[in-house]
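Grab a viewer and work through these exercises with the coordinates loaded. Each one has a task, then a solution in steps.

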Amino acid sequence: MTLKLYYVPRTRSSRTRWLMEELGVPYELVRLDPKKGENKTAEYLSINPLGHVPSLVDGDFKLFESSAICLYLAERFPEKKLLAPSGTAERARSYQWLFFAMTELEGSLHLIGTQTHLPVEQRNAKLLEDATKKLQSGVQLLEAELADKPYLMGADFTVADVVMGGVLNWARMLGQLEGLAKVGEYVERLKSRPAFKRATAD
Ligand SMILES: N[C@@H](CCC(=O)N[C@@H](CS)C(=O)NCC(=O)O)C(=O)O
């Protein structure tokens with residue numbers, strides 16, 4: 001049964017496509033065009049009731065939320081070694097970085113992105129300042145964490161890097177990684193991976 005990934009280029013669905021490419025397993029990419037309302041059809045809403053991307057369909061199983069999809073796929077193909085065995089400290093550490101990326105960083109990034117796309121007079125300066133401070137303390141923490149290792153879990157690339165890389169690439173586009181040498185090198189290391197390049201070619 002082929003895995004089906006519902007996808008829109010340059011969105012949070014890119015990280016799930018990147019993981020698929022890292023796994024190197026067969027999958028069907030279903031590209032949706034939000035301008036044509038393809039993410040709001042009754043058929044798609046039965047998979048993801050908010051009409052968001054990404055979503056994954058695996059046989060009768062439907063799943064949304066990008067990081068949940070990444071974890072599910074990493075666990076479904078254990079031979080690819082992108083996630084430590086269940087019940088280990090390494091597994092817990094992967095969860096730490098995944099949740100950190102999604103809650104401490106991505107929430108603030110979303111606010112920064114939304115605010116900076118507004119005309120200046122409509123921005124909420126306090127909201128923008130608070131979100132920027134929160135994001136900056138998170139990325140400073142990563143700068144120290146990445147001082148002596150190439151990937152979050154150490155020498156080996158894992159699913160935590162896919163989720164973190166997706167979030168940090170967005171942070172970089174919003175100009176939030178200035179002056180962070182180690183984080184900058186980390187993002188470049190991730191972006192140079194052939195699977196990342198294949199997943200973001202469009
Ligand atoms: N927390 C969700 C966020 C999903 C989300 O908001 N996706 C956006 C694209 S980045 C989307 O589908 N927007 C379309 C819409 O709101 O209609 C995840 O990580 O999967």
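A polar contact here is a pair of N or O atoms within 3.5 Å; within protein, one must be able to donate a hydrogen and the other to accept it, and residues adjacent in sequence count only if both atoms are side-chain atoms. This is a predicted model, where local features need pLDDT of at least 70 and side-chain atom pairs count only at pLDDT 80 or more, while totals for chains, interfaces and linings use all residues. Residues are numbered from 1 along each chain as its sequence is written, and side-chain values use heavy atoms, with hydrogens and water left out.

**Exercise 1.** Find the polar contacts that Glu65, Arg12 and Val53 make with the ligand.

*Solution.*
- Start at Glu65: one of its polar side-chain atoms sits 2.8 Å from a ligand nitrogen.
- Go on to Arg12, where a polar side-chain atom is 3.0 Å from a ligand oxygen.
- Finish at Val53, which uses a polar backbone atom, 2.8 Å from an oxygen of the ligand.

**Exercise 2.** List the shell around the ligand and sort it into nonpolar, polar and charged.

*Solution.*
- Collect the residues with a heavy atom within 4 Å of the ligand. You get Thr11, Arg12, Asn39, Lys40, His52, Val53, Pro54, Glu65, Ser66 and Met102.
- Apply the classes: Ala, Val, Leu, Ile, Met, Phe, Trp, Tyr, Cys and Pro are nonpolar, Asp, Glu, Lys and Arg charged, and the others, Gly among them, polar.
- The shell splits into three nonpolar, four polar and three charged residues.

**Exercise 3.** Look at the backbone: what kind of peptide bond joins Val53 and Pro54?

*Solution.*
- Check omega: about 5°, so the bond is cis.
- Place Pro54: the loop between helix 2 (42–45) and strand 3 (55–58) holds it. Helices (H or I, at least four residues) and strands (E, at least two) are DSSP runs, numbered from the N terminus.
- For context, most peptide bonds are trans, and most residues other than glycine have a negative phi.

**Exercise 4.** Compare the settings of Arg10 and Glu65: is each one exposed, partly exposed or buried?

*Solution.*
- Read phi: Arg10 has a positive value of about 55°, and Glu65 a positive value of about 85°; neither is a glycine.
- Locate them: Arg10 is in the loop between strand 1 (3–7) and helix 1 (13–23), Glu65 in the loop between strand 4 (61–64) and helix 3.
- Use the cut-offs: buried is under 20% relative accessible area, exposed over 50%, partly exposed in between (1.4 Å probe, protein chains only).
- At 67%, Arg10 is exposed, whereas Glu65 is partly exposed at 46%.
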